[in-house]
Amino acid sequence: MVSVTRSVFGELPSGAGTVEKFRLQSDLLGVDILSWGCTISALEVKDRQGRASDVVLGFAELEGYLQKQPYFGAVVGRVANRIAKGTFTVDGKEYKLAINNGPNSLHGGIRGFDKVLWTPQVLPNGVQFSRVSPDGEEGYPGELKVWVTYTLDGGELVINYRAQASQTTPVNLTNHSYFNLAGQGSPNIYDHEVTIEADAFLPVDETLIPTGEVAPVQGTAFDLRKPVALGKHLQDFHVDGFDHNFCLKGSKEKHFCARVHHAGSGRVLDVHTTQPGVQFYTGNFLDGTLKGKSGAVYPRHSGFCLETQHWPDAVNQPHFPPVLLRPGEEYDHTTWFRFSVA
């Protein structure tokens, strides 16, 4: 059984609307999701003793989400990740996007899908959010109708993304939750054991745009096909952290993506997806300046993201899996986050 409870989370400034919170509760998981940016603001998971802790970084009040912050828990779009120099060409026409990350466009631009109020609809086992992204929003072509659906089934949180376009446009939607399986507010993720089911990854240039090479993980720091203890692994390979796309199976069917195990609590997160990639990000840009829930601060490496996605800058890299959505087609992807104890 899943219960869904709806409440007011806060009011946007200058009468811009009311942000609501939806509490999805099963016997194994409790999830809070906001209508602002479809944001997962809390995710309570039991440890092996049956004690629940909140395992996502975020804020207790709306003000936290409205300040400059690194997309905690939000759905990002119209195109997640980076587009080189904020430009791309579709059907011979060049489009220019806002530059908001070095020389590039990141996560949909200055006011992406994470910074808008979505329209909610309560479901028996979850909540569906919808919005229409107008033609030209943040520089993208055509109107895009978008639906993001969160459902709970026992220990599994399922996120489905659907979109329909009036003109050909790139679309890439993901959720940007930062997890710490020891509980949010824990100082780092070094004691997490990580597995990613990828034979290849995308090397990046100094602005974090893929070079175009699809590189085998074999013999590199990116070989996470067998479980690695994250802290030791970063030390062994002299790596400052991960912020890279791992190339998954090309199939549109549900496939295994990643597993993270926290031995101290026994919590395990298994991720499956229909997407061709996952950005594994280890919170390298967190710096301890943001005040989170329950007085937590979030220093570098205090959370990790597994952003299931199409590959970064795919709109400019023809040999990457295609990222364009055409009129009459439907973008439809699902990611499954399953929590358990071991």
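Strands, as named in these legends, are DSSP runs of E with at least two residues, numbered from the N terminus. By that naming, Glu-307 lies in strand β25. The model shown here is predicted, so please read each close-up with that in mind.

**View 1. Glu-307 and its surroundings in strand β25.**
We start with the strand residue just introduced. Glu-307 has a relative accessibility of 2%, and it counts as buried because that value is under 20%. Setting aside residues up to four places away in sequence, Glu-307 touches His-107, Thr-174, Asn-175, His-176, Gly-277, Val-278, Gln-279 and Tyr-281. With one of these, His-176, there is also a side-chain polar contact of 3.4 Å.

**View 2. The pair His-176 and Glu-307, which UniProt lists under "active site" in an unreviewed entry.**
These residues span 132 residues in sequence, yet no two of their C-alpha atoms are more than 6.0 Å apart, so they gather at one spot. Both His-176 and Glu-307 belong to the lining of the largest pocket. To follow the pair at side-chain level, look for the 3.4 Å polar contact between Glu-307 and His-176.

**View 3. His-176 in the loop between β16 (174–175) and β17 (192–196).**
Is His-176 buried or exposed? With a relative accessibility of 3%, His-176 counts as buried. Beyond its neighbours within four places in sequence, His-176 is in contact with Pro-70, Tyr-71, Phe-72, Gly-73, Ala-74, Val-76, His-107, Tyr-281, Cys-305 and Glu-307. The side chains of His-176 and His-107 are joined by a polar contact of 3.3 Å, and the side chains of His-176 and Glu-307 by one of 3.4 Å.

**View 4. Ser-177, also in the loop between β16 and β17.**
The relative accessible area of Ser-177 is 3%, so this residue is buried. Its side chain and that of Asn-175 make a polar contact of 2.7 Å. With neighbours within four places in sequence left aside, the contacts of Ser-177 are Ile-40, Val-56, Gly-73, Phe-304 and Cys-305. In the unreviewed UniProt entry, the feature "binding site" is placed at Asn-81, Arg-82, His-176, Ser-177, Tyr-178 and Asp-243. From this set, Arg-82 is taken in by the lining of the largest cavity, which has its own view below.

**View 5. Cys-305 in strand β25 (residues 305–309).**
Cys-305 has 0% relative accessibility and therefore counts as buried. Which residues does Cys-305 contact, leaving aside its neighbours within four places in sequence? They are His-176, Ser-177, Tyr-178, Gln-279, Phe-280 and Tyr-281. A further pairing worth finding is Cys-305 with Phe-179: they are 126 residues apart in sequence and 6.3 Å apart in space, C-alpha to C-alpha.

**View 6. Gln-275 in the loop between β23 (267–273) and β24 (277–281).**
Although placed in a loop, Gln-275 is buried, with a relative accessible area of 1%. Its side chain makes a polar contact of 3.0 Å with the side chain of His-310. Not counting residues up to four places away in sequence, Gln-275 touches Asn-172, Leu-173, Leu-248, Lys-249, His-255, Thr-308, Gln-309, His-310, Tyr-331 and His-333.

**View 7. Ala-182, a partly exposed residue in the loop between β16 and β17.**
At 27% relative accessibility, Ala-182 falls between the cut-offs of 20% and 50%, so it counts as partly exposed. Ala-182 touches His-192, His-262 and Arg-267, with residues up to four places away in sequence not counted. Ala-182 and Gly-303 are 121 residues apart in sequence, and their C-alpha atoms are 9.9 Å apart in space.

**View 8. The largest cavity, with a volume of about 50 Å³.**
How many cavities of 30 Å³ or more does the structure hold? There are three cavities of that kind. The lining of the largest cavity consists of Val-79, Ala-80, Arg-82, Ile-83, Pro-170, Asn-172, Trp-311, Pro-312, Asp-313, Ala-314, Val-315 and Val-323. Sorted by class, this lining has nine nonpolar, one polar and two charged residues. One of the lining residues, Asn-172, is also touched by Gln-275, the residue of View 6.

Technical notes:
Residues numbered from 1 in each chain as written. Predicted model: local features only at pLDDT ≥ 70, side-chain atom pairs only at ≥ 80, totals over all residues. Heavy atoms only, no water. 1 Å grid on protein atoms, 1.4 Å probe; cavity = no way out; pocket = protein on both sides within 12 Å on 5 of 7 lines; lining within 4 Å. Points joined across faces, edges and corners; volume = space filled by probe spheres on them. Nonpolar A, V, L, I, M, F, W, Y, C, P; charged D, E, K, R; others polar. UniProt positions renumbered as here; feature names shortened; annotations may be inferred. Helix = DSSP H or I, 4+ residues; strand = E, 2+ residues; numbered from the N terminus. Buried < 20%, exposed > 50% of the residue type's maximum accessible area, 1.4 Å probe, protein only. Contact = heavy atoms within 4.5 Å. Polar contact = N/O pair within 3.5 Å; in protein donor to acceptor, adjacent residues only side chain to side chain.
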